[in-house]
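Here is a briefing on one protein chain. Look over the sequence and the model first, then read the notes by topic.

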Amino acid sequence: MISDNLREVQQEMQDSCALVSRSSEEITLIGVTKTVGINQTIELANQGVNHLAENRVDQFLSKKEKMSDFTDIAWHFIGNLQRRKVKSVINEIDFFHALDSLKLGNEIQKRADKTIRCFVEVNVSGEDSKQGIASEELETFIEQLALFDKIKVVGLMTMAPLGSTKEQQHEIFARLKHLQETIQEKKWGFAPCTQTSMGMSNDFPVAIQEGATFIRVGTALFKE
Ligand SMILES: *Cc1c(COP(=O)(O)O)cnc(C)c1O
């Protein structure tokens, strides 16, 4: 049941916060609804989860349209966004979690009618297969985004590699937090960079302990 799953996730969020003396109000749970249909997505929204994330353009647009009555939902787009699809979604979303190239930034700049709140995706682990900007290139990359007045860098996003140990997860999330603080200290107007989007079903307790402000949770909410 979604309601039981949600209670479990919320309990784990609180427990993780307690371990490191954080307030659970600092953390926003994003329900990742990419694997479920409209009914379960609506059920989750009815349980009070008002941040939802999708990673496929068609499914996102269709759900958003069907849920037009839910006026207080913040829609997050996670995962890869092809440049040719930017036009159809960018003005429909509240947060974009996968900014990882200047070409994509340029396309967003061209198509956006408003300021788009973006997370820059960072490949903290340095794995070849991972999307995202390498840690060493992050500062230069973000500096170049100053060109684009439609883009506001609200924070950094990362994923721990599949099958990583708890210890590795701690290290990766701590490094993202450190990078986020480094950018925040620059006090760039276009890049306040106060947020970290990190932690999924398997590793959100670790991410919270390391300072996550947005966690992206799917499977744990929808398991049978
Ligand atoms: C699917 C996905 C999630 C959620 O993953 P779960 O393991 O189902 O919680 C989070 N972030 C991104 C970028 C995803 O693609």
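**Annotated domain and overall picture**

An unreviewed UniProt entry lists residues 21-222 as "domain: Alanine racemase N-terminal". The model shown here is predicted. In it, the span 21-222 is 34% helix and 21% strand. The C-alpha atoms at the two ends of that span lie 29 Å apart.

**Fold and dimensions**

- The protein chain holds nine helices and nine strands.
- Its C-alpha trace spans about 45 × 40 × 30 Å along the principal axes.
- The radius of gyration is 17 Å, which agrees with the value near 17 Å for a compact globule of 224 residues.

**Packing and surface**

- Of the 224 residues in the protein chain, 46% are buried.
- Take the contacts with a sequence separation of 6 or more: residues 24 or more positions apart account for 56% of them.
- The protein chain exposes about 11,100 Å². Carbon and sulfur atoms supply 44% of that area.

**Charge**

- The protein chain carries 26 positive and 32 negative charges.
- The mean positions of the two sets are 7 Å apart.

**Lys34**

- The unreviewed UniProt entry lists Lys34 under "modified residue: N6-(pyridoxal phosphate)lysine".
- Where does Lys34 lie? Lys34 is in the loop between strand S1 (28-32) and helix H2 (38-46).
- Lys34 counts as partly exposed because its relative accessibility is 39%, and that class runs between the 20% and 50% cut-offs.
- Which residues does Lys34 touch, leaving out those up to four places away in sequence? They are Ala53, Glu54, Asn55 and Gln59.

**Arg84**

- Arg84 sits in the loop between strand S3 (74-77) and helix H4 (86-89).
- Is Arg84 buried or exposed? Arg84 has 64% relative accessibility, so this residue counts as exposed. The cut-off for that class is over 50%.
- Glu107 is 23 residues away from Arg84 along the chain. The C-alpha atoms of Arg84 and Glu107 are separated by 8.5 Å.

**Two loop residues, side by side**

- Lys34 follows strand S1 and precedes helix H2, while Arg84 is placed between strand S3 and helix H4.
- Lys34 is partly exposed at 39%, whereas Arg84 is exposed at 64%.

Terms used
Residues numbered from 1 in each chain as written. Predicted model: local features only at pLDDT ≥ 70, side-chain atom pairs only at ≥ 80, totals over all residues. Heavy atoms only, no water. Helix = DSSP H or I, 4+ residues; strand = E, 2+ residues; numbered from the N terminus. Rg over C-alpha atoms; globule rule 2.2 N^0.38 Å. Buried < 20%, exposed > 50% of the residue type's maximum accessible area, 1.4 Å probe, protein only. Contact = heavy atoms within 4.5 Å. Areas by Shrake-Rupley, 256 points an atom, 1.4 Å probe, with all protein chains shown as cover. Lys, Arg positive; Asp, Glu negative; His and termini not counted. Charge placed at Lys NZ, Arg CZ, Asp CG, Glu CD. UniProt positions renumbered as here; feature names shortened; annotations may be inferred.
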